[in-house]
Amino acid sequence: MKFGVFSNGFRPHTTAQQTYDEDIHEIVLADELGFEVAFISEHHGEPPYINKVDTIPTPELMMCKAAALTKRIKMGAGVKLIHLHHPLDVAIQAAVTDHLVGDNRFIFGFGSGFPRPLMCEERGLTYDDRHARLRESLDFILKAWDTDEPFDWAGRYWHGKGVIALPKPLVRPHMPIATATESPDTVKFAGEQGFTLISAFLEGADFLRKKGDIYAAAARAAGHANPRRNITASRIVWVADSRAQAIEDMRDAVAYEVSVQEQRGFLKMLKQVFDLDVPNDRTAIEALVESGFYMVGEPDDVAAQVQDFWETSGGFGTFLTVCGKDWATREKRERSMRRFAEEVAPQLAHLDPVDLESESGAAA
């Protein structure tokens, strides 16, 4: 198993600059600790965030700064909402980021994002067509990267004449690609193409197993070996001296985030999709820990929780711990990340999803 971080930025409003500096500080620490990859959320402004939460709508800019402060960690958006932007501009921005990050460290992460119409409506786009528009966007982007001659595009959603996308990606035809999606068709497509499949930290193990089965079957049919190694899962993790201490460290920040998320309809979504009741008060942390979406406690306990999740979900190749939150203090956040890297990760590094597939009789 490999390890990384999911910078899922959600810090109480100060200034965006202070928030970005803290996010980058954690990515730099992850690099120093040997984490392989950092996926950075693309969060756009919404009414509940005004004067309450700082957001990063263009994570590629953060990657470019972080790249100058790190040595080896790979970075990608988690995820770029490509159905919101003209695909020519997305293709150009990604290629420029690829060159600025350098050393083959940039991953093009794409997806449709949280199911809320606002971002589409702000741009005069249809919400119900977002998945179809996304697929056409991706086709356009791939052609822009792979084609040296100018081309015309007359699609259902996007149009262009004499299209020229420069620069081209650092490595042709393109950089590694990842996606986070709930659409079975897109999951299958990702498997066929060999894209990395990213799982959000609030997806249950059974949910991930079903999605992973679709992905792995499509990948094997397309000739990709060991496909579950290309699945990336995530969870909120807090390593402390005890579970009780971890819960108290996180309590206030979790209550604040839940109070804002409730205004977005996020708690209703958790109930509808995962049958999870999260109270909008200071006891929210207990519900999230009990559900297994938050894995907290002393190192051996956290390692056991991650391994159980890995086994129940059918296995994955990379595990992301969530950061970008104002839990406790910076010092305690650093201590949790360091203890995970030094005391938890070594207990899990031997895990290989190919072993689970072999045990179940599936083709590796």
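How much space lies in the largest cavity? In this predicted model, a search of the whole structure finds 4 cavities of 30 Å³ or more, and the largest cavity holds about 130 Å³ of space. Its lining is made up of 13 residues, among which Val 237, Val 322, Arg 333, Ser 336 and Met 337 lie nearest the centre of the cavity. By class, 8 of the lining residues are nonpolar, 3 are polar and 2 are charged, and at least two lining residues are supplied by each of β11, β13 and α12.

Helix α12 comprises 19 residues, from 330 to 348, and at 1.5 Å a residue these should span 27 Å, which agrees with the 26 Å that separates the C-alpha atoms at its ends. A bend of about 40° is nevertheless found in α12 at Phe 340. Phe 340 is itself buried, as are Arg 333, Ser 336, Met 337, Arg 339, Ala 341, Val 344, Ala 345 and Leu 348 of the same helix. The cover over these buried residues includes the strands β1 (2-12), β11 (231-239) and β13 (318-325), together with the helices α1 (16-32) and α11 (299-312).

Helix α11 contains Gln 305, a residue that is classed as buried because its relative accessible area of 15% falls under the 20% cut-off. When neighbours within four places in sequence are left aside, Gln 305 is in contact with Arg 243, Tyr 294, Met 295 and Val 296. Between Gln 305 and Phe 151, by contrast, the C-alpha to C-alpha separation is 51 Å, with the two residues 154 residues apart in sequence.

Key: Residues numbered from 1 in each chain as written. Predicted model: local features only at pLDDT ≥ 70, side-chain atom pairs only at ≥ 80, totals over all residues. Heavy atoms only, no water. Helix = DSSP H or I, 4+ residues; strand = E, 2+ residues; numbered from the N terminus. Expected span 1.5 Å × (residues − 1). Bend = angle between axes of the 7 residues up to and from the residue. Buried < 20%, exposed > 50% of the residue type's maximum accessible area, 1.4 Å probe, protein only. Contact = heavy atoms within 4.5 Å. 1 Å grid on protein atoms, 1.4 Å probe; cavity = no way out; pocket = protein on both sides within 12 Å on 5 of 7 lines; lining within 4 Å. Points joined across faces, edges and corners; volume = space filled by probe spheres on them. Nonpolar A, V, L, I, M, F, W, Y, C, P; charged D, E, K, R; others polar.
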